[in-house]
Structure formats: C-alpha cells, structure tokens
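Please open the structure in a viewer and keep the selection panel at hand. The tour below proceeds by selections, each followed by a description of what is found there.

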Amino acid sequence: MKNVLVTGGCGFIGSNFVKLLVNNNEVFPVVLDKLTYAGNLNNLDHIDKNEYIFSEGDICDKALIDSLFKKYKFIAVFHFAAESHVDRSIDGPEEFITSNIVGTYNLLEVSRRYIREIKQDFKFVHVSTDEVYGDLEDGAFFKETTPYNPSSPYSASKASSDHLVRAWGKTFGLPILITNCSNNYGPFQFPEKLIPLMIINCLNNKPLPVYGDGKNVRDWLYVMDHCIAIYKVYKNGKIQDTYNIGGNNEIKNIDIVNIICETLDELKPLKNKTYKNLITYVKDRPGHDLRYAIDSTKIKEKLGWTPLESFESGIRKTINWYIDNETWWREIQEKKYAQNRLGESV
Ligand code: NAD
Ligand code: TDX
C-alpha cells in the first residue's frame, strides 16, 4: 500500500480521518504531529497500531518533513495540523502565524521539490475553514467564490495558508485541493470548543458560558461526514479546485446549549432540576462573527457527497461519547485545560 502523510493526525478531525483511512484500506497513513496541548496520542488508541505510523514533530521543521518524504515516498499530504481555536488566537496569535502560515509554507516547499525530483502522482489536500469568509448576512451562503474577509487571528492565519496553497498550485503547478468546512462536532473534540465544553460543564455541574446574547449562528457538521468529504475530494476532486463542505445545520449557540441540556436531562437526569439552570451569559468574544453558513452544492453535485448524520442523531452520539469516555476528558482537564474562559482580552 502507498503511504500518505496526515499532519495533525492526533487532533480531533485528523484522528477521525486516520480511522477513516484505516477502514478504507487504500492508502497507509503516516501521522506527523507536534502533540501540542490539542494533540493527544490517546485519540489513536482505538486504531490498531500496525495500521499507521506515528512521527512526533513540527511542520515548521523542514528537515524532518524532507526526511519523511524521502523515507515514505508519499503520494498525498492531508494537511490538518494547525492551531485551531479562535479564543486562543486572541490571547496569543504567534503560534497561529508560525504553525498555520509558516508550517504550511514548509509543507508546500518540500512537496514541490519532492515531486520535481520523484515525478510521481501526488496530491496536496489542504484542510481549511469557512471562517476565512468572515461574517455573513442573513439569507446569504458562502460559496467557493465568496471573497475572503477573516475576522480573527485564527481565521486570518488560515486564510493566509489557503492563499499560499493556491499560489503554489498556480505558480509551481503543485497538484493542490482545498476544502473549506463549517463547524465540526463529534468524538475526540478538545473541550475548549463549544459543544464538548458545554457537555462536560454539564457533567461537572459547572456554569455554561454563552458568549454575548447566544444568537450567533454556526453551521454544524458531524466530524466523520467531514472526513468522508475530504477523502472524496482527494479521490475525485478537480486539481486546483476548492470545495466548500457544510452540514446545512444552521443553529444559534443558545439553541445548541439548550439541546445539550435537554438531551442530558433525559440521559443523566438531575434531581428536580434541569441543566438549563447552569446557562450563564458572559461577555462576548472580541470580533465575534455573527453567522456562518455553507453552500455545499459543488461537492454534492460534482462529487456526490452528502452528509450521512443528521444533527439530531449526531449530537446524541456525541453526548453519549463524552458520557462514556470520561477518562479521556478527565485526563485533559487535569493535565492540559481546566475549562476556564479564554479569549476575553483585547
Ligand atoms: P485540533 O486543534 O483538534 O488538532 C490540531 C492538531 O494539529 C493537534 O494534534 C496538534 O498537536 C497538531 N499541530 C498543531 N500545530 C502543529 C505543528 N506546528 N506541527 C505539527 N502538528 C501540529 O484541530 P481540529 O479541530 O482537528 O482541526 C484540524 C484542521 O481542520 C485545522 O486545520 C482546522 O483549521 C481545520 N478545520 C477545523 C474545523 C473545526 O470545526 N474543528 C472546521 C473546519 C476546518
Ligand atoms: O464557551 C463558549 N461559549 C460560546 O458561546 C465557547 C467555547 C464558544 N462559544 C461560541 C462562540 C462561537 O460563536 O460558540 C460558537 C462556537 O465556538 P467555538 O467552538 O470556539 O468554534 P468557532 O469559533 O466557531 O470555530 C470552530 O469552527 C471553525 C473551530 O474552532 C475552528 O477550528 C473551525 O475552523
């Protein structure tokens, strides 16, 4: 089997994607991950250790990337590695500039030199976000042609990386593909993000911090549906093209929190009260985009992708996963992140 490089394969989406590759059994994943606070080797525990190779390292380390390319002769790169949390990018943007922009540049440079020498089929799949398009007015949807208008240091760094990837495609003929996806949720998501943070705070009987008035809208997609879409783009996407991926699930933050509370009221009932009593409105996130919504027509029509999971089934699966995997998140709480507020500073 031919090898592919999966950067950030110990993170939330990357580890779900490694699982998909192993199930598909068409290419062999080599995971490169720096194991930042968000990277967790436990995320790969449920996968047979013979089915992937793990290399600890930084995408900013060009010599390391070069040696991995020489050793494993990759036919593709799936580039997930990034600093991924908007709140942390407000507290400290530097890592976002380094990993998301410089790291992507390094991967592109090694890739282009490598294909010039090796002359084999190769694809560079860059995993990006709908946040590059910025705030969206009511009734509109992000299309692949929507101009970039990022609001946070995180989304600006992802926008920069997208521009670099496109430039390497146009100028050097690197066979690139870009995906821009909406908010993911599901197993192994680090509990700094809205959905796992709210589930775990409920389970710990802690306040549920809703930013601003809770009316900000995100378009939610179950993580495995995102992974399946990326794989379809890899297999059948048109080289140099971009594909938007979304769940067609526009939901206000406060409605998400209410759904989580109601589901937990049923699955883990409290005596004579509801989890909704824990809801607490807090100061808004600086630069908080009001609405995101994706138009996924292109990937649906050109590649026949459609999400398998409804929000109702996906959120129930996710809540059950966090109930069943307390050891996973307790270890994170004890060693890495105690779920305190981030990203308030301006
Ligand atoms: P995550 O924070 O859970 O995981 C990121 C992983 O990248 C971690 O394992 C971390 O250790 C690794 N990493 C970070 N910097 C690195 C470096 N310099 N070198 C090597 N490894 C490094 O993030 P996620 O939510 O899984 O997101 C993965 C990708 O998908 C990101 O590029 C993100 O922008 C994109 N994306 C995320 C979402 C979402 O809703 N989570 C939506 C669309 C796109
Ligand atoms: O405690 C919270 N309270 C709250 O109201 C947190 C953590 C978030 N929020 C709000 C802010 C957002 O409107 O919930 C919404 C979702 O927030 P996050 O989970 O932090 O995600 P978001 O900022 O939308 O970005 C996510 O989706 C796009 C990922 O973190 C990105 O990596 C991805 O690109």
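## A tour from the ligands outward

Begin with ligand 2: of the 20 residues around ligand 2, Thr 129, Glu 131, Tyr 154, Arg 285 and His 288 come nearest. Bear in mind throughout that this is a predicted model.

Keep ligand 2 selected and add Arg 285, Asn 183 and Tyr 211. A polar side-chain atom of Arg 285 lies 2.6 Å from an oxygen atom of ligand 2. Asn 183 also places a polar side-chain atom by an oxygen atom of ligand 2, at 2.9 Å. With Tyr 211 the backbone is involved: a backbone N or O atom lies 2.9 Å from an oxygen atom of ligand 2.

Next, select ligand 1. It is surrounded by 28 residues, the closest being Ile 13, Asp 33, Ser 84, Tyr 154 and Lys 158. Tyr 154 is thus among the closest residues to ligand 1 and among those that come nearest to ligand 2.

Which backbone atoms should be displayed around ligand 1? At Asn 184, a backbone N or O atom lies 2.9 Å from an oxygen atom of ligand 1. At Ile 59, a backbone N or O atom is 3.0 Å from a nitrogen atom of the ligand. At Leu 35, a polar backbone atom is 3.5 Å from an oxygen atom of ligand 1.

Now display the strands. An open sheet is formed by 7 strands in the order 3-2-1-4-5-6-10, with parallel pairing. Its edge strands are strand 3 (53-56) and strand 10 (242-245), each of which pairs on one side only. From one strand to the next, the twist averages 20°.

Focus on the strand 10 edge. Strand 6 (residues 176-181) pairs with strand 10 in the parallel sense over 4 bridges. Selecting Asn 180 leads to Asn 244, its bridge partner in strand 10.

Add two helices to this view. Helix 5 (residues 153-172) lies across strand 5 (123-129), strand 6 and strand 10, at about 155° to strand 5. Helix 7 (residues 223-236) lies across strand 4 (76-79), strand 5, strand 6 and strand 10, running at about 145° to strand 5.

Finish at helix 8 (residues 253-267). Its 15 residues should span 21 Å at 1.5 Å a residue, and the end C-alpha atoms are indeed 21 Å apart. Which residues of helix 8 are buried? They are Asn 253, Ile 254, Ile 256, Val 257, Ile 260, Cys 261, Thr 263 and Leu 264. The buried residues of helix 8 pack against several elements, including helix 6 (194-203), strand 9 (217-222) and helix 10 (311-324).

Technical notes: Residues numbered from 1 in each chain as written. Chains lettered and ligands numbered in written order. Predicted model: local features only at pLDDT ≥ 70, side-chain atom pairs only at ≥ 80, totals over all residues. Heavy atoms only, no water. Pairing = 2+ DSSP bridges. Axes fitted to C-alpha atoms, helices over the stretch in contact; angles between N-to-C directions. Contact = heavy atoms within 4.5 Å. Expected span 1.5 Å × (residues − 1). Buried < 20%, exposed > 50% of the residue type's maximum accessible area, 1.4 Å probe, protein only. Near = heavy atom within 4 Å. Polar contact = N/O pair within 3.5 Å; in protein donor to acceptor, adjacent residues only side chain to side chain.
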